[in-house]
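Here is a friendly briefing to read alongside the model. Take a look at the fold, then follow the notes below.

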Amino acid sequence: MTLSSPTKTALETARRVLRIESEAIAGLIERLDGRFELVVETLYSCKGRVVVTGLGKSGLIGRKIAATFASTGTPSVFLHAAEALHGDLGVLTGADVLLAITSSGETEELVELLEAIKRLGIPVITLTANARSTIGTASDIVLDIAVKEEACTLNLAPTASTAAAMAMGDALAVALLERRSFNQEDFAALHPGGRLGKKLRRIEALMHSGEDLPRVLPNAKMPDVIYEMSRKGLGLAAVADADGRLLGIVTDGDLRRMMQKRQENILDLAAADCMTKNPVTLGRAELAATALRLMEEKKITSVLVVDAAGRLEGVLHVHDLWTLQLF
C-alpha cells in the first residue's frame, strides 16, 4: 500500500473545503447593502463599548471580532452568552451596543439574553443566517451571513458559516478603522509589546540624545569634529549653533570627499566648511519604520531628529533598527 492515494484524497478535501469557504465569503459581497453602513455608523457613534456575544463556535468567532475591534480603535469586549445569564450581564451599560452572532438565530441563551438587553435599551445588531428568526426579528439591524453549505462533509460542523461570520466581522472592523481615520500611530499606541510593538516603536525611544549625541558648533575645527565623531561612534557629527538649531551634518563620507578635493590644510577647516546643509530630518514622534523607509529612499545610514523649531534633539542610526526586525 502506498501513501499516494490518501495524500491525494487529503488534497482534494482541502481544495474542496477552501473552495466552499471562499465562495461563502464571496457570497456576502453581493448581499451587502445600506444596513452595513448603518451598522458601521451605529458602532462608530457608540459612546460605550461594542459588546460582542455568542455561544459555541459563534462565541469563538465573537472573541476574535471583539479583539480585532479593540486593537483597531473600537472599544470592545466579549460577553459569553451563557455566563451573562449568571451574573456577567453586569458588564453592560446603557451606552453600549450589542453585537450578537448566531447562525440559527434561535440560540436559547441568546434569546434569554435579549430579553434583558431590551430592558436596558441597548441597540442590538445581529450577524445571522436567519433574519426571520427569534433573535433576528428582535434585533435593530441584521446582517445576513447565510451560506449555501458547510465545508464539512456531513454539512454539520460550522466551517463555511464561521468563515463568513469572521469575514463580516473583519469587514466591520476595517470599515470602522477607516471611519475613525485610525492610523499607524494609533495602532502603535495599542500594540506596545511583541513583534508588532517593535515594528511600531517611535524614534524617540531609539535615538541617541544628550551626551550620546555627536554635536559640534559650526566654528569647531576639524580635529575636534573628528574627535567627536570617533568618540560617539556613529560616523557623523551634527552641526548646531549655540541655541541648538540644526545647521548641517558632517559624515565620514564628507570627510573623505573633502580630503580628495583638498590636499592641504584640511585640519584648519571648520565644521561649517565641510558640513552638508539641510540634512535629512524627522520628528521624534515618527515611527521607526518611517525612518527606515526614508533611509532606504535617500540611501543614507542615519537621520537627525529635530523639534518643530528646528532644534537638534537626537540622531537615529540604521544600526539602531536592526533589533526591530524591520528588514
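The notes below go through the sheet, its helices and the nonpolar cores.

Please keep in mind that this is a predicted model. Its five-stranded open sheet is ordered S2-S1-S3-S4-S5 and pairs in parallel. A good place to begin is strand S4, residues 124-128, where five of five residues are buried.

**The sheet**

- Strand S2 (76-80) and S5 stand at the edges with a single partner strand each, so one side of each has no neighbour in the sheet.
- On average, neighbouring strands of this sheet are turned by 20° against each other, direction ignored.
- Strand S1 (residues 50-54) runs parallel to S2 and is joined to it by five bridges; within this pairing, Val52 has Phe78 of S2 as its bridge partner.

**Strand S4 and its partners**

- Which residues of S4 lie on each face, and are they buried or exposed? Val124, Thr126 and Thr128 are on one side, Ile125 and Leu127 are on the other, and all of them are buried.
- Strand S3 (residues 97-101) runs parallel to S4, with four bridges between them, and Leu99 has Ile125 of S4 as its bridge partner.
- On to the next pairing: S4 is joined by four bridges to strand S5 (residues 141-144), again in parallel, and Thr126 is bridged to Val142 in S5.
- A right-handed β-α-β unit is made by S3, helix H5 (residues 108-120) and S4.

**Helices on the sheet**

- Helix H3 (residues 57-71) packs on the sheet and touches S1, S2 and S3, with its direction at about 165° to that of S2.
- Helix H7 (residues 160-179) also packs on the sheet, touching S3, S4 and S5, and its direction makes about 125° with that of S5.

**The nonpolar cores**

- In soluble globular proteins, nonpolar side chains tend to be buried together.
- Here the largest nonpolar core has 27 residues, of which Leu43, Val52, Phe69 and Leu99 touch the most other members.
- At least two residues of this core come from each of helix H2 (34-44), S1, H3, S3, S4, S5 and H7; H7 gives the most, with six residues.
- What does Leu99 contact, leaving aside its neighbours within four places in sequence? Leu99 is in contact with Val50, Val51, Val52, Thr53, Ile65, Phe69, Ile125 and Leu127.
- There is also a second, separate core of 15 residues, and Met229, Ala237, Leu255 and Cys274 are among them.

Key: Residues numbered from 1 in each chain as written. Predicted model: local features only at pLDDT ≥ 70, side-chain atom pairs only at ≥ 80, totals over all residues. Heavy atoms only, no water. Buried < 20%, exposed > 50% of the residue type's maximum accessible area, 1.4 Å probe, protein only. Pairing = 2+ DSSP bridges. Right-handed = clockwise from strand over helix to strand, strands pointing away. Axes fitted to C-alpha atoms, helices over the stretch in contact; angles between N-to-C directions. Contact = heavy atoms within 4.5 Å. Core = buried A, V, L, I, M, F, W, Y, C linked by side-chain atoms within 4.5 Å.
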